[in-house]
Amino acid sequence: METLANLGDGFAIAITWQNLLLALLGCFLGTIMGALPGLGPSNGVAILIPLAFTLGLGATPSLILLTSVYYGAMYGGRISSILLGIPGDEPAMMTVLDGHPMARKGLAGEALSLSGVASFVGAFFATCGLIFLAPQLVKVALLFGPAEYFALFALAFMTLGGVSSTNQAKSAFAAALGLGLATIGVDTQTGVPRFTFGEVHLYDGLDFLVAIVGLFALSEVFIFLETRHGGSDAEGSKMKIGRLYPPLSMLKQCTPTMLRTSFLGFLAGVLPGAGASLGSFISYSMEKRLVDKEGTFGTGDPRGVAAPEAGNNAAAGGALVPMLALGVPGSGTTAVLLAVLLALNITPGPLLFTQNPDVVWGLIAALFIANFMLLAMNIPMVGLFTRVLMIPSRILMPIVAMVSFVGIYGISGSTFDLLVMIGFGVMGWGLRKLDVPLVPIILGTLLGNAMENNLRRAVTIDNGNWLTLIDSPLAITLWVIAIIGFILPLIVGARVKARMHARRDEEGSISD
Amino acid sequence: MSDRIFGVVGVLLSIGYIFAALAIEESFLSDAVGPKAFPLIIAGILGISSLVIALRPDPEPHWPSLARLVEIAAAVVVLILYAELLPVLGFVIATAFAAGYLAWRLGSSALEAVLTGIGTSVGIYVIFHLVLGLSLARGPFGF
């Protein structure tokens, strides 16, 4: 009951002209960013953060704008998957398998609208799940002391590589690099400068927004320059969309699939180290095993379109649970959203629910509203977004680069920050080439100070006894999960990743 | 080979990081842990993971040809110049040049690049400065 009352208050906050407009804008921009290959949810949110920040938006409006972008990108990824056979972002990879064959059979409109409905079901289910699960998790989190928090942070880093990670050494390297970058600046506890080399600009530490925009957005520009991929992916392959609503029989056929995969995707999103890509992958695999009796999956089966879309949108919502309730994100985009909270001086975690209930519930209510907006945008108006796919990247990428610069310059007005951002862009390009994941670096720069403070607080409270870190059952449990999460990919990681990619090639060769 | 070099660079980085951490001057008012312990732990993880990367390298990544590398280096130089000249030239002029350059290098024709540059710069100026009120760098002409 209390939850419903809170949600009611949330709607009262979300339904103002400003917030509704921001949600609409976010959904629109998000869908575009998701649809364009090369711009995904994390890039999209990363570019817009500094802007939301410099425009002086408050905490709730900024979060509404940026999570709408997040949800929108999850919807948008499917558009290029279906029409072009190129995933618009990583989670939409599985949608290619059945979506593109459907489009080739002349069912592009049906595939787009059906996947729109599936996205809606997944996201709606996940937002409901968020409402009920997050407060429960908060109750557990309130039992956490500094030692448990330290263990929780360690867990987040050790599982971030994900089950599909093939090289845990590179994930660990990335996490350590991020944490190391976070230690630059004046030590918060004793006031001594660390790793500043006398550079005054570094006393405040590196601004994590600068790191995020450089690593995510600018490195993408370099990748495009490297491959000189300046054209539009849609050039020369015009698809007729046809009818804009799915036939009722198709919806009926897919309903059980959508419900099952929403649940599965939500779970995948909540669990650390999984995220939306894995959510859509297991959703597709499970449905194939369950209902694919005639072997139609991979040849344009509507259920094969509904499954990954419901799965990845549900996972996107599920990933918000640990981010809001514990302050520890489990995926790339939620890590970027965490940066928004930190930049606004809001500490996520259990106290967020008691100290800033307006932010949490306003955000949740806005997610419901955004979801309906997205449904409306993605079914009748989908033709608008397919036209966006025609913009060639030789025009798009300069715009992305310049907007990144504007955002960062707007925050600080300093050339030094711009240079640091370029540095991060080059670093991001190199690390991507070497297959080093970027998300742990971001998470490290975000959580480094909190992690260190918890460590020092825990040990100081216990008079310098380091064993206090593994003193409580809760802390030991967290460490055990962390260690399992780190070791598991070493055993199964290569297999899962190989299957995620092999399946695609295999199906691709069949449908061609 | 790339991973071996990368691993060695990582090990060197962690050694440098350890030296820099040991050089931190401790304040007389310190907690039980002090400002050095956490960086040293991180340096340990950095060093070990780099060592593993060097000893068990992944298959060689696909590196671009020298011409493409020069292309990226040139773009970096242009962006650095952009950052340095932004306060001198002002937002609109500097951005038009930088965006035009990137568009040109991504394969636009000369005319298209000029139009993209001017369009991006004026577009951002109108939306972000005139409509949304964001302060951008002011040049000699006030824009």
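**Cavities, a pocket and helix packing**

A search of the whole structure, which is a predicted model, turns up two cavities of 30 Å³ or more. The second largest cavity holds about 40 Å³ of space. Its walls are built from A:Ile49, A:Ala52, A:Phe53, A:Ser62, A:Leu66, A:Val340 and A:Leu344. Two elements of chain A each give two or more residues to this lining, namely helix H3 (41-54) and helix H4 (59-84). H3(A) has the largest share, with three residues. Sorted by class, the lining of this second largest cavity comes out as six nonpolar residues, one polar residue and no charged ones.

Next come the pockets. About 1,100 Å³ of space lies in the second largest pocket. A total of 46 residues line this pocket, and those nearest its centre are A:Leu342, A:Leu446, A:Asn449, A:Ala450 and A:Asn453. Quite a list of chain A elements gives two or more residues to the lining: helices H6 (146-160), H7 (168-182), H8 (208-227), H13 (332-343), H14 (350-355) and H19 (439-461), along with strand E1 (185-186). The largest share, nine residues, belongs to H19(A). As for the chemistry of the walls, 26 of the lining residues are nonpolar, 14 are polar and six are charged.

Two of the helices that line this pocket, H6(A) and H19(A), also pack against each other, at an angle of about 155° and with their axes 8 Å apart. An angle over 145° counts as roughly antiparallel, so that label fits H6(A) and H19(A). Their crossing is left-handed. On the H6(A) side, the contact is made by A:Pro146, A:Ala147, A:Tyr149, A:Phe150, A:Phe153, A:Ala154, A:Phe157 and A:Leu160. H19(A) answers with a list of its own, including A:Val439, A:Pro440, A:Leu443, A:Gly444, A:Leu447, A:Ala450 and A:Met451. By class, this contact has 17 nonpolar residues, two polar ones and one charged one. A:Ala450 of H19(A) takes part in this contact and is also among the residues nearest the centre of the second largest pocket.

Helices also meet across the two chains. Helix H18 (residues 415-433) of chain A packs against helix H3 (residues 66-89) of chain B at an angle of about 165°, and the axes lie 9 Å apart. H18(A) and H3(B) are therefore roughly antiparallel to each other. The crossing here is right-handed. From H18(A), the residues involved are A:Thr415, A:Leu418, A:Leu419, A:Ile422, A:Val426 and A:Trp429. They meet B:Leu69, B:Ile72, B:Val76, B:Leu79, B:Ile80, B:Ala83, B:Glu84, B:Leu86 and B:Pro87 in H3(B). Put into classes, the contact of H18(A) with H3(B) has 13 nonpolar residues, one polar and one charged.

A further pairing between the chains brings together helix H17 (residues 393-412) of chain A and helix H5 (residues 110-131) of chain B, which pack at an angle of about 35° with their axes 10 Å apart. H17(A) and H5(B) cross in a right-handed way. Chain A brings A:Arg394, A:Ile395, A:Ile399, A:Met402, A:Val403 and A:Val406 to this meeting, while chain B brings B:Glu112, B:Thr116, B:Thr120, B:Ile124 and B:Phe128. The class count for the contact of H17(A) with H5(B) is seven nonpolar, two polar and two charged residues.

Note on methods. Residues are numbered from 1 along each chain as its sequence is written. Chains are lettered from A and ligands numbered from 1 in the order in which they are written. This is a predicted model: local features need pLDDT of at least 70, side-chain atom pairs count only at pLDDT 80 or more; totals for chains, interfaces and linings use all residues. Side-chain values use heavy atoms; hydrogens and water are left out. Axes are lines fitted to C-alpha atoms, for helices over the stretch in contact, and angles run from 0 to 180 degrees between N-to-C directions. Helices (H or I, at least four residues) and strands (E, at least two) are DSSP runs, numbered from the N terminus. Angles under 35 degrees count as roughly parallel, over 145 as roughly antiparallel, 65 to 115 as roughly perpendicular and the rest as oblique. A crossing is left-handed if the near helix is turned anticlockwise from the far one by less than a right angle, and right-handed if clockwise. Contact means heavy atoms within 4.5 Å. Ala, Val, Leu, Ile, Met, Phe, Trp, Tyr, Cys and Pro count as nonpolar, Asp, Glu, Lys and Arg as charged, and the others, Gly among them, as polar. On a 1 Å grid over the protein atoms alone, a cavity is a set of points where a 1.4 Å probe fits but cannot get out, and a pocket is an open set with protein on both sides within 12 Å along at least five of seven lines; lining residues have an atom within 4 Å of a point. Grid points are joined across faces, edges and corners, and a volume is the space filled by probe spheres set on the points.
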